[in-house]
Amino acid sequence: MRVKICGTTSVRDALLAVAAGADAIGVVLASPSPRSVTPEAASEIFAAVSAFVTRVAVTSTDRPEDLAAILSSRPDVVQVAGDLEVPRDAGVRVIRMLAPGDALRDDCDAVIVDNSHGTGRTFNPGYARECVAASPVPVILAGGLTPGNVAEAILAVRPYAVDVCSGVEAAPGIKDERLVRAFVKICRMMDNP
């Protein structure tokens with residue numbers, strides 16, 4: 001089970017997530033989220049982590065002009081909402097966000113099922129299962145996940161990966177080491193449920 005720790009706002013929290021065994025870190029840019037950072041801060045966070053960890057720039061913008069600044073932070077992946085076009089020659093993979101009612105997408109490398117957008121609102125299990133069953137690309141599950149419910153969510157949905165933000169925080173944008181470690185450990189135990 002692959003794990004992304006999202007809403008990372010500092011080098012400290014990025015290194016904490018990596019030390020806990022996360023496969024990816026997400027940094028929010030060009031978003032109204034309280035976890036949104038500047039492209040310069042994102043670059044610093046991304047540069048601090050191992051080359052074996054996937055760096056994901058997460059944005060809710062629909063403005064193409066924001067994309068150049070986001071790409072300047074040198075992510076491996078850009079996670080976008082809506083129909084924001086990421087040029088094929090941008091050198092990044094693309095994750096598209098889906099919420100209940102959205103049609104499946106195949107114009108990306110993966111989809112993330114999340115109507116929460118970092119607010120911690122719980123995912124819709126029926127819609128998530130439908131996406132996993134029918135999606136032509138890998139499905140990542142997010143929304144309301146915590147160390148206390150992620151095992152049940154994985155068993156119910158069987159996603160390719162899980163994504164957590166507020167469920168492992170001490171405060172908005174500040175990760176709790178104990179919760180991050182517990183979340184990743186539980187996900188690793190689910191590799192062979």
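# Exercises on helix packing and selected residues

Arg35 sits in the loop that runs between strand S2 (24-28) and H2, and the exercises below, which concern a predicted model, start from this residue.

**Exercise 1.** Determine whether Arg35 is buried or exposed, and find which side chain Arg35 joins in a polar contact.

*Solution.* The first step is the relative accessible area of Arg35, which is 7%. Since buried means under 20%, Arg35 is buried. The second step turns to the side chain, where a polar contact of 2.7 Å links Arg35 to the side chain of Glu169.

**Exercise 2.** Describe how helix H1 and helix H2 pack, giving the angle, the handedness of the crossing and the residues that meet.

*Solution.* Helix H1 covers residues 11-20 and helix H2 covers residues 39-48, and their axes lie 9 Å apart at an angle of about 30 degrees. Angles under 35 degrees count as roughly parallel, and H1 and H2 are therefore roughly parallel to each other. The crossing of the two helices, H1 and H2, is right-handed. On the H1 side the contact involves Val11, Ala14 and Leu15, which meet Glu44, Ile45 and Ala48 of H2. Sorted by class, this contact of H1 with H2 holds 5 nonpolar residues, no polar residues and 1 charged residue.

**Exercise 3.** Carry out the corresponding analysis for helix H5 and helix H6, and state how the residues of their contact divide by class.

*Solution.* The axes of H5 (residues 150-157) and H6 (residues 177-189) come within 9 Å and cross at roughly 35 degrees. The handedness of this crossing of H5 and H6 is right-handed. From H5, the residues Val150, Ala151 and Ile154 meet Phe183, Ile186 and Cys187 in H6. The contact of H5 with H6 divides into 6 nonpolar, no polar and no charged residues.

**Exercise 4.** Place Lys4 in the structure, classify its accessibility, and identify the partner of its side chain.

*Solution.* Lys4 belongs to strand S1 (residues 2-5). With a relative accessibility of 6%, Lys4 counts as buried. The side chain of Lys4 makes a polar contact of 2.7 Å with the side chain of Gln79. Leaving aside residues up to four places away in sequence, Lys4 touches a set of residues that includes Ala24, Ile25, Gly26, Val56, Val58, Gln79 and Ile112, and also Val162, Asp163 and Val164.

**Exercise 5.** Work out where Asp109 lies and which residues it touches.

*Solution.* Asp109 is located in the loop between strand S5 (93-98) and strand S6 (110-113), and its relative accessibility of 41% makes it count as partly exposed. Not counting residues up to four places away in sequence, Asp109 touches Arg93, Val94, Val137 and Pro138. A polar atom of the Asp109 side chain lies 2.7 Å from the backbone nitrogen of Val94. Asp109 and Pro136 are 27 residues apart along the chain, and their C-alpha atoms are separated by 9.4 Å.

**Exercise 6.** For Ala30 and Arg74, give the phi values, the loops and the accessibility classes.

*Solution.* Ala30, a residue other than glycine, has a positive phi near 50 degrees. The loop that holds Ala30 runs between S2 and H2, and at 32% relative accessibility Ala30 counts as partly exposed. Arg74, likewise not a glycine, has a positive phi of about 65 degrees. Arg74 lies in the loop between helix H3 (64-71) and strand S4 (77-80). At 67% relative accessibility, Arg74 counts as exposed.

Methods. Residues are numbered from 1 along each chain as its sequence is written. This is a predicted model: local features need pLDDT of at least 70, side-chain atom pairs count only at pLDDT 80 or more; totals for chains, interfaces and linings use all residues. Side-chain values use heavy atoms; hydrogens and water are left out. Axes are lines fitted to C-alpha atoms, for helices over the stretch in contact, and angles run from 0 to 180 degrees between N-to-C directions. Helices (H or I, at least four residues) and strands (E, at least two) are DSSP runs, numbered from the N terminus. Angles under 35 degrees count as roughly parallel, over 145 as roughly antiparallel, 65 to 115 as roughly perpendicular and the rest as oblique. A crossing is left-handed if the near helix is turned anticlockwise from the far one by less than a right angle, and right-handed if clockwise. Contact means heavy atoms within 4.5 Å. Ala, Val, Leu, Ile, Met, Phe, Trp, Tyr, Cys and Pro count as nonpolar, Asp, Glu, Lys and Arg as charged, and the others, Gly among them, as polar. Buried means under 20% relative accessible area, exposed over 50%, partly exposed in between (1.4 Å probe, protein chains only). A polar contact is a pair of N or O atoms within 3.5 Å; within protein, one must be able to donate a hydrogen and the other to accept it, and residues adjacent in sequence count only if both atoms are side-chain atoms.
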